[in-house]
Amino acid sequence: MAEPSSSLSSSKDELIQLIKRLGTYFALKMSNLFSISLQKLDPRSVGAIAGLAVAIIFTYKLMRSPAAPSRRQPKRQAPTTSSSAVSTQSNVTLMPSGICSSSEDSRAQNVVDEFFQPVKPTLGQIVRQKLSEGRKVTCRLLGVILEESSPEELQKQATVKSSVLDVLLEITKFCDLYLMERVIDDESEKNVLLALENAGIFTSGGLVKDKVLFCSTENGRASFVRQLEPDWHIDTNPEIVSQLARFIKYQLHISPVRPERTAANVSSSPSLEHFFGCV
């Protein structure tokens, strides 16, 4: 953009120098022609002669220059180019504006969606909802709370499932929970109580050791449940679940395979944590 301006300035300087030389030349010629000494010319005379020379030169150029219109043609196209540039610039300016407007609308919609998005319930809320506000729960230990699945295994050790801890603790906060199991000997009882204690069930939860019940037969467990009259009973034995269906309001049958036929008040799930949506 700086080159045309520089060229135009140079052309003007050359034209001024040309006018000065021509003025001097004509002044000398005129003075010789009329026998006038150059020293006696006043500034007004010199200026008049120079002006006459300039007028003659420009008149001559205008008459001798037919290509002038073609040289001016780019100048007449300049507004079109400028207009096009302005139009292009306007379009470029409008495009980001549209994009910004769309982006702002999108952000506003996201805010609205987040505002009206359902709040994810906590585990405690899920436990209360799933248990239908039941306040007393009885639960078998083997295969539900413990990794072991038979009384014989408890003679050696007992291991609390890590995946069930959060659910179990929530149940103890909300419900009166009783844990029960059939065992073969006193050593099995000690192993179970030690495993529950090491898992923090007695410290973090509301469970006490007196609410962990042991019996020697399956019918003994069923008898415990009927005596306690819980709102919910959780078990793995389908026979016990079937026997208690007439007496207990709700039951949860823990089984890897869903039973084909169950009572209307019996739910089924592969695990306790799965029933409460923790896996």
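**Exercise 1. Decide how well strand β1 is covered in this predicted model.**

Solution. Start with the range: β1 spans residues 136-140. Next, count the buried residues. Four of the five are buried. The strand is therefore mostly covered.

**Exercise 2. Find the strands that pair with β1, and give the sense of each pairing.**

Solution. Take β2 first, residues 176-182. β1 and β2 run parallel, joined by five bridges. One bridge links K136 to D176 of β2. Now turn to β4, residues 232-235. Three bridges connect β4 to β1, again in the parallel sense. Here C139 has I234 as its bridge partner.

**Exercise 3. Classify C139 and C175 as buried or exposed.**

Solution. The cut-off for buried is under 20% relative accessible area. C139 has 2% relative accessibility, so C139 is buried. C175 has a relative accessible area of 7%, so C175 is buried.

**Exercise 4. State how many disulfides the structure holds.**

Solution. Recall what to look for. A disulfide is a covalent bond between the sulfur atoms of two cysteines. Then search the whole structure. The search finds zero disulfides.

**Exercise 5. Place N198, classify its exposure, and give its C-alpha separation from V160.**

Solution. Begin with the element: N198 lies in helix α7, residues 186-198. Then check accessibility. The cut-off for exposed is over 50%. N198 has 61% relative accessibility, so N198 counts as exposed. Last, take the distance. N198 and V160 are 38 residues apart along the chain. Their C-alpha atoms are separated by 8.9 Å.

Key
Residues are numbered from 1 along each chain as its sequence is written. This is a predicted model: local features need pLDDT of at least 70, side-chain atom pairs count only at pLDDT 80 or more; totals for chains, interfaces and linings use all residues. Side-chain values use heavy atoms; hydrogens and water are left out. Helices (H or I, at least four residues) and strands (E, at least two) are DSSP runs, numbered from the N terminus. Buried means under 20% relative accessible area, exposed over 50%, partly exposed in between (1.4 Å probe, protein chains only). A disulfide is a pair of cysteine sulfur atoms within 2.5 Å. Two strands pair if DSSP finds at least two bridges between them.
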